[in-house]
Amino acid sequence: ACPRAMLQATVKLCCGIAHDHLRRLPGLKLTAVAAIQRDVRGLVLRGSHHLPSEIPSYIQRLVGKDAARCAEPGGDISTRRFSSTDLSYIHQGERALQRALSILQHPPSWQAEAVLDAGAAVSSAVLPGLGRVFRVEAVLAAPVGWLHRELFEELEQMPRWNPTLSRVEVLQHLGEDTLVTHEVTSASPVGRRDFVSVRHRRRTQAAVYLVGTATRLERLPAQEGCIRAETRLSCIVLQPLAGDPGCTRVTWLLSGWIPSAVTDRVLPRCQADFIGHLRRHLSATARP
């Protein structure tokens with residue numbers, strides 16, 4: 001048989017196998033599969049003598065690249081896996097993240113607040129649609145991975161070390177990066193509050209972003225003895241400290257949940273208290 005005909009038959013077989021396998025990869029579009037097949041046919045036209053052995057490795061490299069793109073933030077979202085309500089929670093978390101990123105990338109003119117914690121700097125700014133937003137910055141003697149685990153993956157254990165909370169419950173896991181949670185505070189000067197929130201995370205090489213925003217859940221009305229409160233936006237950014245990966249730079253944006261008349265006094269105090277509780281927890285916990 002003609003070598004070119006044999007090569008074409010080989011390509012046809014490989015592309016057929018690849019199409020059947022690739023089309024089942026989550027998030028990989030058929031246009032990407034067609035592009036892979038087109039590129040393989042291009043190898044035939046160039047007439048490589050080692051084509052039969054090159055095709056599988058070439059396809060594997062292309063598959064790896066597209067699969068990696070599918071694994072980027074938001075890549076696990078599939079309309080077949082989630083209901084429309086679930087997707088609305090995921091999109092709510094993504095919108096909160098984009099809003100926080102906009103504030104971080106285009107920072108307003110922050111005004112310093114009174115020093116409430118020797119190791120934390122608190123500032124605030126008034127932003128359209130959010131009102132007064134408070135920002136706390138601190139460096140904690142723990143790696144990003146440990147703080148990420150405590151503040152997202154072990155969220156329900158938070159009342160053990162944060163006495164301002166009496167209960168935290170994860171109501172739904174939506175993929176790997178989105179949660180619907182219910183938190184109840186302990187008694188305080190502003191009363192007991194409970195929150196229903198969407199919590200969402202994004203992990204990059206440079207930082208971990210943990211965002212939260214209020215949501216509604218029909219089956220969970222306000223709890224007896226509590227006032228339903230709402231967090232407009234919360235975003236905790238965890239970044240390795242330059243030159244010391246065993247320490248983490250923490251930036252926390254927080255807006256909303258109590259009447260504006262007491263916001264200026266209470267929210268920065270809550271942020272400083274939280275950082276203090278977290279410091280004590282990490283100092284009392286053995287970490288890798």
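Start by selecting strand 6 (residues 193-203) and strand 7 (residues 208-214), which are joined by a hairpin through four residues; helices (H or I, at least four residues) and strands (E, at least two) are DSSP runs, numbered from the N terminus. This is a predicted model, in which local features need pLDDT of at least 70 and side-chain atom pairs count only at pLDDT 80 or more, while totals for chains, interfaces and linings use all residues. Residues are numbered from 1 along each chain as its sequence is written, and side-chain values use heavy atoms, with hydrogens and water left out.

**The hairpin and its neighbour**

Strands 6 and 7 pair in the antiparallel sense over seven bridges, where pairing requires that DSSP finds at least two bridges between two strands. To see one such position, select Arg203, which stands opposite Val208 in strand 7. Now keep Val208 selected and add strand 9 (residues 231-241), which pairs with strand 7 in the antiparallel sense over five bridges; here the bridge partner of Val208 is Leu238.

Colour strand 7 by accessibility next, and seven of its seven residues turn out to be buried, a word that means under 20% relative accessible area, with exposed meaning over 50% and partly exposed in between (1.4 Å probe, protein chains only). Val208, Leu210, Gly212 and Ala214 point one way from the strand, whereas Tyr209, Val211 and Thr213 point the other way.

**Asp194 in strand 6**

Return to strand 6 and select Asp194, which counts as buried because its relative accessibility is 0%. Which residues is Asp194 in contact with, once its neighbours within four places in sequence are left aside? They are His182, Glu183, Val184, Ala222, Gln223, Cys226, Ile227, Arg228 and Ala229, contact being heavy atoms within 4.5 Å.

**Ser186 and the cysteines**

Step back along the chain to the loop between strand 5 (178-185) and strand 6, where Ser186 has its place. The side chain of Ser186 reaches the backbone oxygen of Pro163 at 2.8 Å, and, leaving aside neighbours within four places in sequence, Ser186 is in contact with Pro163, Thr164, Leu165, Ser166, Gly191 and Arg192. A C-alpha to C-alpha distance drawn from Ser186 to Cys226 comes to 9.8 Å, although these two residues are 40 residues apart in sequence.

Cys226 counts as buried because its relative accessibility is 12%, and Cys235 is buried too, with a relative accessible area of 0%. The structure nevertheless holds zero disulfides, a disulfide being a pair of cysteine sulfur atoms within 2.5 Å.

**Helix 5 and the nonpolar cores**

Move on to helix 5 (144-153), which is largely enclosed by the rest of the structure because seven of its ten residues are buried. Those to select are Val144, Trp146, Leu147, His148, Glu150, Leu151 and Phe152.

The largest nonpolar core has 30 residues, and those with the most contacts inside it are Leu147, Leu151, Leu238 and Phe274; such a core is a set of buried Ala, Val, Leu, Ile, Met, Phe, Trp, Tyr and Cys residues joined through side-chain atoms within 4.5 Å. Among the elements that each supply at least two residues of this core are strand 7, strand 9, strand 10 (244-256) and helix 6 (260-283), and the largest share, five residues, comes from helix 5. Selecting Leu151 shows that, not counting residues up to four places away in sequence, Leu151 touches Met158, Trp161, Leu210, Ile236, Leu238, Phe274 and Leu278. Apart from this core lies another, of 17 residues, among them Ala96, Leu97, Ala100 and Val211.

**Strand 2 and its partners**

Next select strand 2 (120-127), which is largely enclosed by the rest of the structure because six of its eight residues are buried. Two bridges join strand 2 to strand 1 (residues 111-112), and the two run antiparallel, with Ser123 as the bridge partner of Ala112. Ser123 also stands opposite Arg135 in strand 3, and strands 2 and 3 pair in the antiparallel sense over eight bridges. The hairpin that these two strands form has three residues between them, and Gly129 in the turn has a positive phi of about 85 degrees.

**The whole chain**

Finally, zoom out to the full chain, which has six helices and ten strands and in which buried residues make up 47% of the 288 residues. Among contacts between residues at least 6 apart in sequence, 55% join residues at least 24 apart.

Note on methods. Polar contact = N/O pair within 3.5 Å; in protein donor to acceptor, adjacent residues only side chain to side chain.
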